Amino acid sequence: MMSSAARVPKLGSFRHSFAEKKERLLSMKGGGYSQIGIALPESDEEDNSPRRRCCSYRAVSDGIIGAWKSTKRVTARAWEMGMSDPRKIIFSAKMGLALILLSLLIFLKKPFEDVSRYSVWAILTVVVVFEFSIGATLSKGLNRGLGTLLAGGLALGMGILSQLAGKWEELIITVSIFTVGFCATYAKQYPTMKAYEYGFRVFLITYCYIIVSGYRTGEFVQTAINRFLLIALGAAVALGINVCIYPIWAGEDLHNLVAKNFVGVAASLEGVVNNYLNCVEYERVPSKILTYQAAEDVVYKGYRSAVESTSTEDSLMGFAVWEPPHGRYKMLRYPWQNYVKVSGALRHCAFMVMAMHGCILSEIQAPPEKRQVFRRELQKVGSEGAKILRDLGNKVKKMEKLGEEDILYEVHEAAEELQQKIDKKSFLLVNSESWEIGNRPRGEGDPQDLLNVDEERHFLEYKSLSEAVLDLRAVKVPKGWGEQAAPEKKPAVPVGVGDENMFRKQISWPDHISFTADAVTKEEESKTYESASSLSLATFTSLLIEFVARLQNLVDSFEELGERAKFKDPLEQAPTTTGGFLNRLCNVLTVKD
């Protein structure tokens with residue numbers, strides 16, 4: 001009894017409180033509570049299993065629906081791409097046909113077992129050589145054939161030499177691979193060898209393949225001959241199918257691209273001038289325009305396509321020089337580089353259109369009433385400039401020369417009218433109040449009132465800075481530093497004849513006006529903004545005049561193209577084609593001198 005009583009902790013002791021806490025934790029754990037007293041959820045696996053199945057079914061169905069939508073979207077884009085340019089569908093079909101024809105080589109039996117075994121080289125040649133245009137196919141095919149032939153001959157000679165070297169065979173092969181790799185890689189970096197870069201790559205691949213495979217099998221001659229013949233077969237099949245079935249010429253694409261750029265720049269020029277005169281402003285300039293990316297803005301898209309077509313034109317010209325005379329291009333060594341030259345001159349004009357578009361996108365804008373002063377002249381220059389671009393683009397498309405009349409006469413007349421208007425209204429383009437001589441009279445009113453003043457009276461009343469400097473000839477200049485200028489005696493002027501205007505033009509701040517520093521600061525900021533906004537109009541007009549000046553270079557480049565490419569005279573009537581298929585075929589294949 002004494003021992004059992006001694007084991008029971010006393011009420012209020014440390015052991016008693018610890019025992020109570022332990023019992024409480026055990027009871028909470030068994031009753032569905034956590035150790036911190038939060039009720040634990042009851043385990044109902046049977047109830048949760050249908051819900052889990054439902055969630056898994058929904059995830060699978062959502063995945064299937066998403067995959068179906070993605071497939072529809074990709075299919076729609078593929079269909080749209082094919083409809084925009086059906087030649088892409090035809091090119092894909094031609095590639096499949098060429099691969100089918102060469103894949104038949106693997107079914108050959110005796111005595112063509114070697115051809116069947118190495119037929120992969122013909123298939124790879126078609127995959128690598130078969131390009132969208134005939135010029136590109138010819139370029140790659142000739143590069144591949146020439147590289148294979150040279151590499152095969154060199155590898156064959158080096159293989160025979162290495163066999164004669166005996167124990168030094170491995171060393172000679174290793175040194176030859178390094179030497180050939182170094183020389184070919186260094187040579188293809190020369191600027192004039194850029195067109196043959198693919199040939200250098202094929203040269204290296206062929207040389208290393210023949211050397212390595214010939215060393216292992218000892219059949220240098222057989223490997224080189226098989227590789228060359230199968231590559232020639234693959235190139236011939238690719239070229240034959242590309243030429244005979246709906247041929248696609250790189251020269252024709254270059255011709256159409258240059259003509260299209262003329263239309264795009266013309267549309268941008270008209271759009272820029274009209275938007276500027278109509279005071280069209282962007283509430284928020286698109287970020288794609290600010291970062292010079294492709295955008296749907298009509299004005300921006302027109303000149304950007306001309307500016308960004310440099311690499312495409314160079315690539316097309318590089319392929320076009322490989323193409324034989326065809327269609328309308330019946331000359332040997334057709335002057336494709338002149339198309340690129342004309343496009344460069346057009347791009348030089350497009351830069352001015354880009355700068356004028358920048359005036360619309362800028363933060364500081366000229367007041368609408370000042371723009372309307374030059375509206376007729378700006379509109380005429382813009383329309384005449386766009387007309388010239390469209391005429392030149394049409395001439396390029398039809399391959400016609402210019403007529404006897406001066407195509408730039410009208411736009412030059414319009415530019416002269418604009419320049420004369422600028423000379424007469426030059427006070428609107430600068431802050432003439434800050435001039436020391438010839439200041440504008442103050443308190444004149446709204447700028448719109450300036451337009452209603454008589455031209456002759458206004459021209460005499462407000463002189464430009466250069467005209468005002470001429471008045472200094474009547475001012476007596478002191479001969480020495482200490483000498484004071486004697487006051488000049490003015491002739492008698494009738495009352496009311498220009499004296500008041502001259503006085504008001506030379507007057508500065510009146511003595512009786514007092515102002516605070518804040519008022520001066522705000523007025524100076526206002527004048528600065530007004531001057532900057534006026535200069536914005538001056539910038540736009542000067543850019544438009546510079547555009548007109550650059551048109552002469554464009555016309556000269558076009559005339560050079562017309563002479564070298566033998567464009568037809570617009571006065572000559574094109575001969576009508578008579579006869580059947582053979583006559584038309586002979587007309588196409590006729591080569592001009």
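**Loop residues, surface patch and salt bridges of the predicted model**

Y246 is located in the loop that separates α10 (220-244) from α11. The structure described here is a predicted model, and in it Y246 adopts a positive phi of about 45 degrees although it is not a glycine. Most residues other than glycine have a negative phi. The relative accessible area of Y246 is 45%, and this residue is therefore classed as partly exposed. A second non-glycine residue with positive phi is R333, for which the angle is about 55 degrees. R333 belongs to the loop between α14 (310-320) and α15 (336-361). With a relative accessible area of 83%, R333 is exposed.

Y246 also contributes to a nonpolar patch on the surface, together with L97, L101, L104, I106, F107 and I245. The area of this patch is about 660 Å². Another of its members, F107, is placed in the loop that runs between α4 (87-103) and α5 (113-117). F107 is exposed, its relative accessible area being 58%, whereas Y246 is partly exposed.

Helix α11 follows the loop that holds Y246, and D253 is one of the residues of this helix. The relative accessibility of D253 is 15%, which places this residue under the 20% limit for burial. When neighbours within four places in sequence are set aside, D253 makes contact with R87, F132, I248 and L316.

Electrostatic pairing was examined next. Across the whole structure, 15 salt bridges were found. One of the pairs consists of R390 and E270, whose closest N and O atoms are 3.1 Å apart. R390 is part of helix α17 (residues 375-398) and E270 is part of helix α11 (residues 250-277), so this salt bridge ties together parts of the chain that are 120 residues apart in sequence. Both partners are partly exposed: the relative accessible area is 32% for R390 and 27% for E270.

A further salt bridge is formed by the side chains of E563 and K401, at an N to O distance of 3.6 Å. Because E563 lies in helix α22 (residues 517-564) and K401 in the loop between α17 and α18 (409-424), the pair ties together parts that are 162 residues apart in sequence. The two partners fall into separate accessibility classes, E563 being exposed at 53% relative accessible area and K401 partly exposed at 25%.

Helix α22 also contains a salt bridge between two of its own residues, E546 and R550. These residues are four positions apart, about one turn of the helix, and their side chains meet at 3.1 Å, N to O. E546 is partly exposed, with a relative accessibility of 33%, while R550 is buried at 17%. Beyond these individual pairs, a network of salt bridges links R376, E377, K380, E417 and K421.

Cysteine pairing was considered separately. With the criterion of two cysteine sulfur atoms within 2.5 Å, the number of disulfides is zero. The cysteines of the chain include C279, which is partly exposed at 25% relative accessibility, and C359, which is buried with a relative accessible area of 8%.

The confidence of the prediction was also assessed. The mean pLDDT of the chain is 75, and 69% of the residues reach 70 or more. Residues 31-40 have pLDDT below 50, and this stretch has 11 contacts in the model beyond near neighbours in sequence. Over residues 453-517 the pLDDT likewise stays under 50, and the model has 38 contacts for this segment beyond four places in sequence. Where pLDDT is low, the predicted coordinates should not be read in detail. The contacts counted for residues 31-40 and for residues 453-517 are accordingly reported here as totals, without description of individual pairs.

Methods. Residues numbered from 1 in each chain as written. Predicted model: local features only at pLDDT ≥ 70, side-chain atom pairs only at ≥ 80, totals over all residues. Heavy atoms only, no water. Patch = residues over 30% accessible without salt bridge, like charges linked within 9 Å, V, L, I, M, F, W, Y side chains within 5 Å. Areas by Shrake-Rupley, 256 points an atom, 1.4 Å probe, with all protein chains shown as cover. Salt bridge = Lys/Arg side-chain N within 4 Å of Asp/Glu carboxyl O. Buried < 20%, exposed > 50% of the residue type's maximum accessible area, 1.4 Å probe, protein only. Contact = heavy atoms within 4.5 Å. pLDDT = per-residue confidence, 0-100.
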